Amino acid sequence: MALRVLALHGFGQSASVFMEKRVKEITRKLRDILALHALDAPHTLPYDPSLRGWWVYPPELWNGRGETIQALAEELLKVPDFEPLGFRESFEAVLAEWSRGGYDGILGFSQGAILAAAVCCELHRRGAPAPRFALLISGFGRPLPRGVEAYPPQAPLPMPSLHIWGLADDHIPGWASETLAGYFENPRVYTHSGGHFVPQKAADVDAIKDFLVPFVKEGGVSSSTSAAAAAPAKPRPPQPKPRPGPPQRQEPPEPKVDDVVAPSGAQALDQASTACISDELGGALRYYARAPPAAAPARASVAALSTAMLASESPRTPPEGIADYIEAEQEAPGPGTFERMLALLRRESIDFSLLGPHPACRTSEDSVRVRLEGGWEGVSLHSGAKAMLLRAPGTEERWILTVLPADKKLSWRKVRALKGKATRMATEEEVVRVAGCLSGAVPPFAAAFPAPVECLLDEQMPQTMTFNCGLRTRSIRMSRADYERVQSPEVVDIAE
């Protein structure tokens, strides 16, 4: 019997957008055990009336324009709490929908995750039938919305919960999501290497399935075994809210080795926000959070953590012998790929030249000009190593890095003959997630990426190579022979 779950979308989405785009693969792959029913937020957004929010933000935090949402996220992290305009209407509408819907659990993404957590707290305070579980994705426990009586809870909420967030999320840093997890007893935590979205790869779906299966075995309230997404639910009129009665505070249990347990919200805010980790390649990486003191990130691979570096109020220290980072280099996704690549080269004692920081290069022509102005001789488009990230066809993600002279074009006919007809260019969002850097900064070293990527080198690449190295503001020059020794690419004919 499929579990019937009330879904609350994120800010700047809608029920239909959420179901058709954000969780499409989850609902398809888990159709036998999960039936999501999305509710539309009641407030339309000023920059696009087709998009909605569970609340909007006061003018001192947001000017109502779509292009300033990232700036809004950064401003929110600077305050302990905020006035959520329209929160009460949404809160009562979701409570009413829950009381009439016969749901098993609740799911929330981003802003919807905070509202879902608040609803769980209120239902528990009332002693009313509450969700059997909560699935909260990319939510934040700080800053707090003002005027919500039962949220955050005075003691961790005794409700099974799964908390998911991306290590490269440039909207909500990990410490904020961990704080939200700390509002629940024994929360389960799952992190992925991506950004601010609902992850839907096979491993991500498996993590959700593992969490849900025990509830399926207990039986769901839904009489249908089909989990096809229903039409968005309509908000019901609000119901009166009783006065709160404070529960007794408890301390969460000690974390287990194999089951990451986030600290309580109060504990999270008292812990250090910076965790130092050792790179598998011998270099030193650091994880920074743009935040007040908070918990260290959940366990994950060093490579994945490095993609999540966020700008800190304290300057990031570059590797030994490297000029200090400028402000742009410390912005998300950060210099993690650059540092991993340097560690690779130094481990193999490779002779290379490093130029920078210099003006940001977004095109191959920009790179030639900047490198010549920086004193490098013999630089041309032909010596530039143009690295392009591609996605191969198939249900499982498979990534390919192609490297060719910058004065040549990638031959899609040749690449698709090798890797499949549906091979395509990666999107900018995919580049950040897979390569750990911005498009235009992708280096030819797939071995430095946080995700597994195969590498194809065009046979026309000259014996001296110059390239961006994970940052648009730094360049490296080295021999092709040394490059091949470190990267071990497959040398093929892929240019025209």
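Is D81 buried, exposed or partly exposed? In this predicted model, D81 counts as partly exposed, because its relative accessibility is 30%, a value that lies between the limit of under 20% for buried residues and that of over 50% for exposed ones. The residue is considered further below, together with its salt-bridge partner, after an outline of the chain as a whole.

The chain contains 15 helices and 20 strands, and 56% of its 496 residues count as buried. When contacts between residues at least 6 apart in sequence are considered, 74% of them join residues that are at least 24 apart. Salt bridges number 26 in the structure, and several of them are described here with the accessibility of the residues that take part.

The side chain of D81 meets that of R146 in a salt bridge, with an N to O distance of 3.1 Å. This pair links distant parts of the chain, since D81 belongs to strand 5 (residues 81–82), while R146, 65 residues apart from it, lies in the loop between strand 8 (144–145) and strand 9 (161–166). Like D81, which is partly exposed at 30%, R146 counts as partly exposed, its relative accessibility being 40%.

Helix 4 (residues 87–101) packs with helix 5 (residues 111–126) at an angle of about 60 degrees, and the axes of the two helices are 10 Å apart. Helix 4 is therefore oblique to helix 5, and the crossing in which helix 4 passes helix 5 is right-handed. On the side of helix 4, the contact is made by F87, S90, F91, E92, V94, L95 and W98, and on the side of helix 5 by L115, A118, V119, E122, L123 and R126. The residues of this contact comprise nine nonpolar, one polar and three charged.

Two of the residues that helix 5 brings to this contact, E122 and R126, also meet each other through their side chains in a salt bridge, with 2.7 Å from N to O. Because E122 and R126 are four residues apart in helix 5, about one helical turn separates them. The two partners differ in their accessibility, for E122 is buried with a relative accessible area of 0%, whereas R126 counts as partly exposed at 25%.

S90, which helix 4 contributes to its contact with helix 5, is also among the residues touched by H43. H43 is found in strand 3 (residues 43–45) and counts as buried, with a relative accessibility of 15%. When residues up to four places away in sequence are not counted, H43 touches L51, R52, G53, W54, W55, G86, E89 and S90.

Further along the chain, K201, R391, E397, R424, E430 and R433 are linked in a network of salt bridges. Within this network, E397 forms a salt bridge with R391, and the closest N and O atoms of the pair are 3.8 Å apart. E397 counts as partly exposed at 25% relative accessibility, while R391 counts as buried at 17%. Two other members of the network, E430 and R433, lie in helix 14 (residues 428–435), where they are buried together with V431, V434 and A435. The buried residues of helix 14 pack against helix 11 (336–347), strand 14 (385–391), strand 15 (399–405) and strand 16 (424–425). After helix 14 comes G436, which has a positive phi near 75 degrees.

Helix 11, one of the elements against which helix 14 packs, includes R340, a residue that counts as buried at 3% relative accessibility. The C-alpha atom of R340 is separated by 9.1 Å from that of P450, although the two residues are 110 apart along the chain.

A comparable description can be given for Y483, which is placed in helix 15 (residues 480–487) and counts as buried, with a relative accessibility of 0%. The C-alpha atoms of Y483 and F352 are separated by 9.9 Å, while the residues themselves are 131 apart along the chain. With residues up to four places away in sequence left out, Y483 touches V403, P444, F445, C455, L457, M465, M478, S488 and P489.

Definitions and conventions:
Residues numbered from 1 in each chain as written. Predicted model: local features only at pLDDT ≥ 70, side-chain atom pairs only at ≥ 80, totals over all residues. Heavy atoms only, no water. Axes fitted to C-alpha atoms, helices over the stretch in contact; angles between N-to-C directions. Parallel < 35°, antiparallel > 145°, perpendicular 65-115°, else oblique. Left-handed = near helix turned anticlockwise from the far one by under 90°. Contact = heavy atoms within 4.5 Å. Nonpolar A, V, L, I, M, F, W, Y, C, P; charged D, E, K, R; others polar. Salt bridge = Lys/Arg side-chain N within 4 Å of Asp/Glu carboxyl O. Buried < 20%, exposed > 50% of the residue type's maximum accessible area, 1.4 Å probe, protein only.
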